[in-house]
Amino acid sequence: SQLGFRRVILSNAVRVEKPYFASQATDPAKYTQELLEGLEQAVCTRLPEVRVEMRLKPFLEDHLEALIPADVLRLLCHPGENGIRVGEAVATARAGPRP
């Protein structure tokens, strides 16, 4: 919530450990407090919508377009050390395609 996202979608995928989605990490009673703290730090008032999708491919194929139109910036984030920071990804996407 500190980053100003309107919507966060957590999705299960092949490399996601199965216990993660059975844990408290996807329980609104647990993550809502953390979202509220992020809002306080960012001096923001809009709590992002959090959605949990158990299957990535069907979500992308059947629901993504209706939920987030193509003209809205979409980020697909993957944890790990080889990625880039969210701020960099947003700046790169806003700059447009490279020649």
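Student: What is the relative accessible area of Arg 51, and does this residue count as buried, exposed or partly exposed?
Tutor: Happy to start there, and keep in mind that this is a predicted model. Residues under 20% count as buried and those over 50% as exposed, with partly exposed in between. Arg 51 has a relative accessible area of 24%, so this residue is partly exposed.

Student: Which residue forms a salt bridge with Arg 51?
Tutor: The closest N and O atoms of the pair are 2.5 Å apart, within the 4 Å that a salt bridge allows. The partner is buried, because its relative accessible area is 14%. That residue is Glu 53.

Student: Which residue in S2 stands opposite Ile 9?
Tutor: Let's begin with the strands: S1 and S2 pair in the parallel sense, over 5 bridges. Leu 10 stands opposite Val 52 in S2. Opposite Ile 9, the residue in S2 is Arg 51.

Student: What is the handedness of the β-α-β crossover from S1 to S2?
Tutor: The parallel pair S1 and S2 has 5 bridges. Between these strands the chain passes through H1, and the β-α-β crossover is right-handed.

Student: In what order do the elements of the protein run from the N terminus on?
Tutor: A count of elements is a good first step: the protein has 4 helices and 2 strands. The crossover goes from S1 through H1 to S2. From the N terminus on, the whole order is β-α-β-α-α-α.

Student: How far apart are the closest N and O atoms in the salt bridge of Glu 49 with Arg 7?
Tutor: Glu 49 lies in strand S2 (residues 49–53) and Arg 7 in strand S1, so this pair links distant parts of the chain, 42 residues apart. At 34% relative accessibility, Glu 49 is partly exposed. Arg 7 is partly exposed too, with a relative accessible area of 30%. The closest N and O atoms of Glu 49 and Arg 7 are separated by 3.0 Å.

Student: Which residue meets the side chain of Glu 65 in a salt bridge?
Tutor: The model has 4 salt bridges by count, and this pair has an N to O distance of 3.2 Å. The partner has a relative accessible area of 33%, so it is partly exposed. The residue that meets Glu 65 is Arg 74.

Student: Which residues lie nearest the centre of the largest pocket?
Tutor: The largest pocket holds about 2000 Å³ of space. The elements giving two or more residues to its lining are S1, H1, helix H2 (56–62) and helix H4 (86–95). Of the 44 lining residues, those nearest the centre are Val 8, Ile 9, Leu 75, Leu 76 and Cys 77.

Student: How many nonpolar residues are in the lining of the largest pocket?
Tutor: The lining has 44 residues in total. By class, 8 are polar and 7 are charged. The nonpolar residues in the lining number 29.

Student: Why does Phe 59 count as buried?
Tutor: Phe 59 lies in helix H2. Its C-alpha atom is separated by 26 Å from that of Ala 91, 32 residues away along the chain. Buried means under 20%, and Phe 59 counts as buried because its relative accessible area is 4%.

Student: What is the relative accessible area of Glu 17?
Tutor: Glu 17 is in the loop between strand S1 (7–11) and helix H1 (28–42). Glu 17 and Pro 79 are 62 residues apart in sequence and 12 Å apart in space, C-alpha to C-alpha. The cut-off for exposed is over 50%, and Glu 17 is exposed at 61%.

Student: How far apart in space are Gly 96 and Pro 28, C-alpha to C-alpha?
Tutor: Gly 96 is found in the segment after H4, and at 27% relative accessibility this glycine is partly exposed. In sequence, Gly 96 and Pro 28 are 68 residues apart. In space, C-alpha to C-alpha, the separation of Gly 96 and Pro 28 is 35 Å.

Student: What box do the C-alpha atoms of the protein fill along the principal axes?
Tutor: The protein has 99 residues, and 16% of them count as buried. Taken along the principal axes, the C-alpha atoms fill a box of roughly 45 × 35 × 30 Å.

Technical notes:
Residues are numbered from 1 along each chain as its sequence is written. This is a predicted model: local features need pLDDT of at least 70, side-chain atom pairs count only at pLDDT 80 or more; totals for chains, interfaces and linings use all residues. Side-chain values use heavy atoms; hydrogens and water are left out. Buried means under 20% relative accessible area, exposed over 50%, partly exposed in between (1.4 Å probe, protein chains only). On a 1 Å grid over the protein atoms alone, a cavity is a set of points where a 1.4 Å probe fits but cannot get out, and a pocket is an open set with protein on both sides within 12 Å along at least five of seven lines; lining residues have an atom within 4 Å of a point. Grid points are joined across faces, edges and corners, and a volume is the space filled by probe spheres set on the points. Ala, Val, Leu, Ile, Met, Phe, Trp, Tyr, Cys and Pro count as nonpolar, Asp, Glu, Lys and Arg as charged, and the others, Gly among them, as polar. Two strands pair if DSSP finds at least two bridges between them. A crossover is right-handed if, with the strands pointing away from the viewer, the path from the first strand over the helix to the second runs clockwise.
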